[in-house]
Amino acid sequence: MRYISCSNIQNGLRFEYNCIKLCCFMGSNTPEPLYLKKDYYGEKLNWNELIDTINVIRENQKNGITDPHCKGCFGLQEQDWDDNKKFKWIQIAHWSECNCNCTYCYRLQSDFVKPKKRYKIMPIIKELDKLDMIDYNGELAYSGGEPASLREFDEITNFFIKKGEKLIMVHTNGIKPVKSVLKGLKTDTMSVTVSVDCGDREKFKQIKQVDAYNKVIDTLKKYVKAQGSNRKMVRSKYIIIPNVNDTKEDINKWLDETERIGIQQVILDFEADWLERNKRNIPEHIDEIYQYIVDSSYKRGLDLQFYGVATQYREIKGLNVDGYGLHQE
Ligand code: SF4
Ligand code: SF4
């Protein structure tokens, strides 16, 4: 049936270090995300209750009533939505430990409250699997802290690979290569994205607050080598951080290094807080640098994708956002 909805309202589920949501994205006009459960630390779930909550959001959306937390989100698009109610877009972000300190990280923000305790996701995934609530024809995305700092990472990854998950997306800082990523890349069903954000050691130190640029480049080389037949599964991401990495020289250095490593797909995004603060008054030089990245990537034959905040930027600028920003192909 044709109506306006979003893939995450239909089939999304996201576990964070202290809550459960439908998505990670706050593309709506409200500052408060759409929580399914706040203060969650791995307690036994009443699935019927949780699914009832989601079904109300889904049914309302089907009837043209958008949850206030989703209003204005670019994820809302009109298309033929099926009645599949299984979780197809699962996001795992239930830990926040990381060996890096990116200046834009949520962990460094003043409102970040250290989680009360760590919890394990595997028992929850197994329970969902038993209930036949997972559609493995979608995407599992890691976006928590750092996968290399997550003890359960191999177990979760291997479970989903065995189940035949169509795509496993790993977001990592690349400081330490992860064994099961090296293995997973060979299967053509795992992608790995590293936010490099620059093309030299000094700039890296400024953004990441650790001196690990060379380690990241070494890891990326290993990942590129480990890819199977799909050579676009290792991705270098660039988050535009105004006044930090927003010159043509910065972009050229990053793209030169990206090509040298043999990476074929790049991802563009913006520092989320900056765009939120400046969305009504984006400086001209940021528009120029955005366009410079787009043009340079195409000229170099690199496949360019946009992440959520870049998609928001595109929407603000009146550019096409259909099919952008929520899930990678
Ligand atoms: S509409 Fe936007 S905020 Fe709402 S669930 Fe979808 S992606 Fe998330
Ligand atoms: S790599 Fe990710 S989790 Fe780690 S500090 Fe950077 S943004 Fe935060």
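Reader: Which residues are around ligand 2?
Author: Happy to start there, and please keep in mind that this is a predicted model. By class, the shell around ligand 2 splits into four nonpolar, three polar and two charged residues. Its members are Cys98, Cys100, Asn101, Cys102, Cys105, Arg107, Gly145, Glu146 and Asn173.

Reader: How many charged residues does the shell around ligand 1 have?
Author: Ligand 1 is surrounded by 13 residues, and the closest are Cys6, Cys23, Cys70, Cys73 and Gly75. Sorted by class, that shell holds nine nonpolar and four polar residues. The count of charged residues around ligand 1 is therefore simply what the class list gives under the class rule: no charged residues.

Reader: Thanks! Now the sheet: which strands stand at its edges?
Author: The open sheet has 10 strands with mixed pairing, in the order S4-S3-S2-S6-S7-S8-S9-S10-S11-S12. A strand at the edge has a single partner strand, so one of its sides is left without a neighbour in the sheet. From one strand to the next, the twist averages 20 degrees. The edge strands are S4 (35-38) and S12 (303-306).

Reader: Which residue stands opposite Phe15?
Author: Strands in a sheet pair through backbone hydrogen bonds, either parallel or antiparallel. Here strand S2 (residues 12-16) and strand S6 (residues 87-93) run parallel and are joined by five bridges. Across from Phe15, in S6, is Ile92.

Reader: And on the S7 side, which residue does Gln91 stand opposite?
Author: S6 pairs with strand S7 (residues 134-142) as well, in the parallel sense and over five bridges. Opposite Gln91, in S7, you will find Ala141.

Reader: How many residues of S6 are buried?
Author: S6 contributes five residues to the largest nonpolar core, the largest share of that core. The strand is mostly covered. The number of buried residues in S6 is seven of its seven.

Reader: Which residues have the most contacts inside the largest nonpolar core?
Author: This core has 73 residues. To get a feel for one of its members, look at Tyr238: leaving out residues up to four places away in sequence, Tyr238 touches Val196, Asp197, Trp254, Val266, Leu268 and Ile293. The residues with the most contacts inside the core are Val192 and Tyr238.

Reader: Is Lys21 buried or exposed?
Author: Lys21 lies in strand S3 (residues 19-21). Not counting residues up to four places away in sequence, Lys21 touches Arg14, Glu16, Pro33, Leu34, Tyr35 and Leu36. A residue needs 20 or more other C-beta atoms within 10 Å to be called buried. Lys21 has 23 such neighbours, so the verdict is buried.

Reader: What separates the C-alpha atoms of Lys21 and Tyr136?
Author: Along the chain, Lys21 and Tyr136 are 115 residues apart. In space, the separation between their C-alpha atoms is 19 Å.

Reader: What is the phi of Asp39?
Author: Most residues other than glycine have a negative phi. Asp39 is found in the loop between S4 and helix H2 (47-62), and counts as exposed because 9 other C-beta atoms lie within 10 Å. Although Asp39 is not a glycine, its phi is positive, at about 55 degrees.

Reader: Asp197 also has a positive phi; is Asp197 buried or exposed?
Author: Asp197, whose phi is about 65 degrees, is found in the loop between strand S9 (190-195) and helix H6 (201-208). The cut-off for a buried residue is 20 or more other C-beta atoms within 10 Å. Asp197 has 25 C-beta neighbours inside that distance, so Asp197 counts as buried.

Notes. Residues are numbered from 1 along each chain as its sequence is written. Chains are lettered from A and ligands numbered from 1 in the order in which they are written. This is a predicted model: local features need pLDDT of at least 70, side-chain atom pairs count only at pLDDT 80 or more; totals for chains, interfaces and linings use all residues. A residue is near a molecule or strand if its C-beta atom, placed from the backbone, lies within 6 Å of it. Two strands pair if DSSP finds at least two bridges between them. Helices (H or I, at least four residues) and strands (E, at least two) are DSSP runs, numbered from the N terminus. Axes are lines fitted to C-alpha atoms, for helices over the stretch in contact, and angles run from 0 to 180 degrees between N-to-C directions. A nonpolar core is a set of buried Ala, Val, Leu, Ile, Met, Phe, Trp, Tyr and Cys residues joined through C-beta atoms within 7 Å. A residue is buried if 20 or more other C-beta atoms lie within 10 Å of its own, exposed if 12 or fewer, and partly exposed in between; C-beta atoms are placed from the backbone. Two residues are in contact if their C-beta atoms, placed from the backbone, lie within 7 Å.
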